[in-house]
Amino acid sequence: ADKKKQKACEAFVNFMSRPDIVVRNMYYIGYTSVIAGGDDTRIFEYADWCYGAEEDEESELVDYSLDYFFSDNPDGKDYVITADIEQTKRQLFGQYPTEDVLNRASIMEYCGKDTMKDLNQMWINVRCYNPFR
């Protein structure tokens, strides 16, 4: 109901969604952003910098597609990282799972106060369970 606070919140979200800030945030916290960057390629370039193979690397290299993540980009570019094959089983895969893994994943949505209260209690029960009491 407070227009001033709403405007400040929207400005903050817009700021945090800027590709340059997304990259800085990813670097600081180590998480993958949900922002792909639109027509700005800095987020992909950062991922490639983090996980791509060096030019003189002698290990087995594979192409790792991130097209699914950057698919809304209008330039038609292929978003592929050439990486050490071991990297595709470690951090790169952890940060950017393959598209087939994401197709099997699910997203938790807000289900209302009563259901959320029940879910929270379930997690408390799991977290606090001690079979040795």
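Tutor: A polar contact is a pair of N or O atoms within 3.5 Å; within protein, one must be able to donate a hydrogen and the other to accept it, and residues adjacent in sequence count only if both atoms are side-chain atoms. The model is predicted: local features need pLDDT of at least 70 and side-chain atom pairs pLDDT 80 or more, while totals for chains, interfaces and linings use all residues. Residues are numbered from 1 along each chain as its sequence is written, and side-chain values use heavy atoms, leaving out hydrogens and water.

Student: With which side chain does the side chain of aspartate 20 make a polar contact?

Tutor: Start with the setting: aspartate 20 lies in helix α2, helices being DSSP runs of H or I (at least four residues) and strands runs of E (at least two), numbered from the N terminus. The pair also forms a salt bridge, with the closest N and O atoms 2.6 Å apart; that term asks for a side-chain nitrogen of Lys or Arg within 4 Å of a carboxyl oxygen of Asp or Glu. The polar contact, at 2.6 Å, is with the side chain of arginine 18.

Student: Is aspartate 20 buried, partly exposed or exposed?

Tutor: Buried means under 20% relative accessible area, exposed over 50% and partly exposed in between (1.4 Å probe, protein chains only). Its salt-bridge partner, arginine 18, has 38% relative accessibility and therefore counts as partly exposed. Aspartate 20 stands at 24%, so the verdict here is partly exposed.

Student: How far apart in space are aspartate 20 and leucine 66, C-alpha to C-alpha?

Tutor: Leucine 66 is among the residues with the most contacts inside the largest nonpolar core. In sequence, aspartate 20 and leucine 66 are 46 residues apart. In space, the C-alpha to C-alpha distance is 19 Å.

Student: How many salt bridges does a search of the whole structure find?

Tutor: Besides the aspartate 20 pair, arginine 42 meets aspartate 40, with the closest N and O atoms 2.6 Å apart. Glutamate 86 and lysine 89 are also joined, at 3.7 Å from N to O; lysine 89 counts as exposed because its relative accessibility is 57%, whereas glutamate 86, at 38%, counts as partly exposed. For the whole structure, the search gives a total of 4.

Student: Which element gives the largest share of the largest nonpolar core?

Tutor: Such a core is a set of buried Ala, Val, Leu, Ile, Met, Phe, Trp, Tyr and Cys residues joined through side-chain atoms within 4.5 Å. This one has 18 residues, and Leu66, Phe70, Ile81, Leu92 and Tyr96 have the most contacts inside it. Two or more residues come from each of α2, α3 and β2 (80-84). The largest share, 5 residues, comes from α3.

Student: Against which elements do the buried residues of α2 pack?

Tutor: The buried residues of this helix are Pro19, Ile21, Val22, Val23 and Met26. Just after α2, glycine 30 takes a positive phi of about 80 degrees. The buried residues of α2 pack against α1 and α3.

Student: Which residue's backbone nitrogen lies 2.8 Å from a polar atom of the side chain of serine 33?

Tutor: Serine 33 sits in the loop between α2 (19-29) and α3 (42-51), and counts as buried because its relative accessibility is 13%. Leaving aside residues up to four places away in sequence, serine 33 touches Val22, Met26 and Phe69, a contact being heavy atoms within 4.5 Å. The backbone nitrogen in question, 2.8 Å from that side chain, belongs to isoleucine 35.
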